[in-house]
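Please look over the sequence and the three-dimensional structure shown here. The paragraphs that follow lead through the sheets, a helix and a pocket.

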Amino acid sequence: MAVLTVAALGVVGFLGYQAAATAPDHPTQARPGSHSAQHKKKDKDQTESKQKPTALPADSGTGVRVVYAVGDRRVWLVGADGKATHTFAVGPSPASPDPGTYAVTSRNKGGVGSDGVQVEHVVVFHSQGGVVFGFSAAVDGSMPDPNARKRTGAVRESRADGAAMWEFAQVDTKVVVVP
């Protein structure tokens with residue numbers, strides 16, 4: 001009997017894990033008039049009354065582009081309609097590129113970053129003072145040390161965000177860096 005109980009608990013635990021792992025990031029919309037819809041409207045109203053930290057920065061260019069806000073440590077992938085299709089937080093290295101408009105100059109599926117970490121989905125967009133700037137995802141999920149002595153230009157993202165960047169940012173895609 002104890003073996004059956006343990007087995008049943010194991011199956012329930014596995015099914016719970018599987019459900020959590022495959023659940024969508026954004027739940028479906030609630031029906032208008034429902035308690036959940038009213039709660040979401042209240043939350044939305046409160047959120048809109050504050051400045052959105054994930055709003056695309058003003059004066060960040062036009063057209064298809066990657067926008068990197070150095071101070072916010074955030075990236076936006078922007079479509080031809082001027083709307084962000086994806087935004088995510090990043091981990092910068094000790095060196096940061098100057099604000100300006102650049103373009104993706106090269107891409108590399110994987111390799112070793114300038115900080116010695118194994119990386120994937122490398123998207124390079126600028127070189128300045130001997131430092132190469134690019135977006136990448138560490139295979140081990142680590143972020144660069146912004147206080148490191150070695151000046152590197154890695155802008156690290158999660159592996160999922162790195163895959164999104166890789167699909168979006170082809171060679172010659174515009175990259176706009178804002179303060």
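How many bridges join β4 to β9, and do these strands run parallel or antiparallel? Strands β4 and β9 are joined by 2 bridges and run antiparallel. Strands (E, at least two residues) and helices (H or I, at least four residues) are DSSP runs, numbered from the N terminus, and two strands pair if DSSP finds at least two bridges between them. Within this pairing, Gly91 has Arg156 in β9 as its bridge partner.

The model is a predicted one, in which local features need pLDDT of at least 70 and side-chain atom pairs count only at pLDDT 80 or more, while totals for chains, interfaces and linings use all residues. Residues are numbered from 1 along each chain as its sequence is written, and side-chain values use heavy atoms, with hydrogens and water left out. The pLDDT is the predictor's confidence in each residue, from 0 to 100. Its mean for the protein is 78, and 70% of the residues reach 70 or more. Over residues 1-51 the pLDDT is below 50, and this stretch has 8 contacts in the model beyond near neighbours in sequence; a contact means heavy atoms within 4.5 Å. Where pLDDT is low, the predicted coordinates should not be read in detail.

The pair β4 and β9 belongs to an open sheet of 5 strands with mixed pairing, in the order β4-β9-β8-β7-β6. Because β4 (91-92) and β6 stand at the edges with a single partner strand each, one side of each is left without a neighbour in the sheet. At the β6 edge, β6 and β7 pair in the antiparallel sense over 6 bridges, and Arg107 has Val123 in β7 as its bridge partner. The hairpin of these two strands has 5 residues between them, and there Gly116 takes a positive phi near 85°.

Another open sheet of 5 strands, again with mixed pairing, has the order β3-β2-β1-β10-β5. Here β3 (84-89) and β5 (100-103) stand at the edges, each with a single partner strand, so one side of each lacks a neighbour in the sheet. The twist averages 20° from one strand to the next. Strands β1 (residues 65-69) and β2 (residues 74-78) run antiparallel and are joined by 5 bridges; Ala69 has Arg74 in β2 as its bridge partner.

Helix α3 (residues 159-168) lies across β1, β2 and β3, running at about 140° to β3. The helix α3 also lies across β6, β7 and β8, at about 55° to β7. Such angles run from 0 to 180 degrees between N-to-C directions, with axes being lines fitted to C-alpha atoms, for helices over the stretch in contact.Strand β8 supplies the largest share, 5 residues, of the lining (an atom within 4 Å of a point) of the largest pocket (1 Å grid, 1.4 Å probe, protein on both sides within 12 Å along at least five of seven lines).
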